[in-house]
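This report looks at how a protein surrounds its ligand, and at how confident the predictor is in the result.

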Amino acid sequence: KEKVEITKEQQALVKVVVEAYNRHQIPQDVAKKLLQDQYSAEENFLLLTEMATSQVQVLVEFTKNIPGFLSLDREDQIALLKGSAVEAMFLRSAQVFSKKMPNGHTEVLEERIRKSGISEEFMTPMFNFYKSIGELHMVEEEQALLTTITILTPDRPYVKDQQAVERLQETILDVLRKMCVLQHPQDPQYFARLLGRLTELRTLSHYHAEMLTSWRVNDHKFTPLLCEIWDVQ
Ligand SMILES: O=C(NC1CCCCC1)[C@H](C1CCCCC1)n1c(-c2ccc(-c3ccccc3)s2)nc2ccccc21
């Protein structure tokens, strides 16, 4: 039975990433806001564009703290941000949805999202993903490292030096694998299941542009930043 141990520098890396992840989180209040009132499709669309815009800004700040990210080619940094922003948004949404809430609140939140204006056909894949993330009961280190692994995906469009990104991603994968073994000794498949969620996340993210254009509102207005990130308009 191999003795798994996290090295000093790996501990330091996790600390930097988790602190940055927690520091750069948009206020959790989106769930609270949604629980307070039932909004119209227009108000929900506006809320999403506001949330998404601040999430992208937060993501940029977060990546500055990923060891090695700023040493990548500058255009590759942009390509990684552009390529992972939607996935990071769905992953964050899943984590917000899976947070422990008082009895009945999750059901209300689900109802509000179902009635938010997103067309029906996307609800099943979206909530299947949210629930599969919830079932993992990830600790915050796992959430932060999984988001980092998503950002450091080498095969995003327009990435030139894929090897450099692969090296950074492998560093994070290695420490996450060890943490999973230590955190979930009874479940040797846990790390594999965690990575399997990233495949589900990529599939869900394929629908994002259609989810936006089919939102039940008359006029779909996007900020220039979101046009960049969301491949719309
Ligand atoms: O505010 C939100 N998400 C924030 C994004 C940034 C990070 C924090 C969370 C939205 C709201 C949904 C209801 C209407 C208002 C917006 N949200 C979603 C999304 C469903 C579809 C989404 C999407 C994204 C991109 C493209 C096409 C579609 S996001 N799932 C949630 C689960 C729990 C709490 C909120 C949740």
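## Residues around the ligand

In this predicted model, the ligand is surrounded by 22 residues, of which V30, M51, S93, I113 and Y130 come nearest. Two of these residues also bring polar side-chain atoms towards the ligand: one such atom of Y130 lies 2.7 Å from a ligand nitrogen atom, and one of S93 lies 3.3 Å from a nitrogen atom of the ligand.

By class, the shell around the ligand divides into 16 nonpolar residues, five polar ones and one that is charged.

## Enclosure of the ligand

Taken alone, the ligand exposes 710 Å², and the protein buries 100% of that area. The space that the ligand takes up is the largest cavity, and the elements giving two or more residues to the surrounding shell are α2 (29–36), α3 (41–63), α4 (74–98), α6 (123–136) and α10 (208–213).

## Confidence

For the complex, the predictor gives an ipTM of 0.98 together with a pTM of 0.95. The protein chain averages a pLDDT of 94, with 97% of the residues scoring at least 70. Where pLDDT is low, the predicted coordinates should not be read in detail.

Terms used:
Residues are numbered from 1 along each chain as its sequence is written. This is a predicted model: local features need pLDDT of at least 70, side-chain atom pairs count only at pLDDT 80 or more; totals for chains, interfaces and linings use all residues. Side-chain values use heavy atoms; hydrogens and water are left out. A residue is near a molecule or strand if one of its heavy atoms lies within 4 Å of it. A polar contact is a pair of N or O atoms within 3.5 Å; within protein, one must be able to donate a hydrogen and the other to accept it, and residues adjacent in sequence count only if both atoms are side-chain atoms. Accessible areas come from the Shrake-Rupley method with a 1.4 Å probe; for residues, only the protein chains shown count as cover. On a 1 Å grid over the protein atoms alone, a cavity is a set of points where a 1.4 Å probe fits but cannot get out, and a pocket is an open set with protein on both sides within 12 Å along at least five of seven lines; lining residues have an atom within 4 Å of a point. A molecule sits in a cavity or pocket if more than half of its atoms lie within 2 Å of its grid points. Helices (H or I, at least four residues) and strands (E, at least two) are DSSP runs, numbered from the N terminus. Ala, Val, Leu, Ile, Met, Phe, Trp, Tyr, Cys and Pro count as nonpolar, Asp, Glu, Lys and Arg as charged, and the others, Gly among them, as polar. pLDDT is the predictor's confidence in each residue, from 0 to 100.
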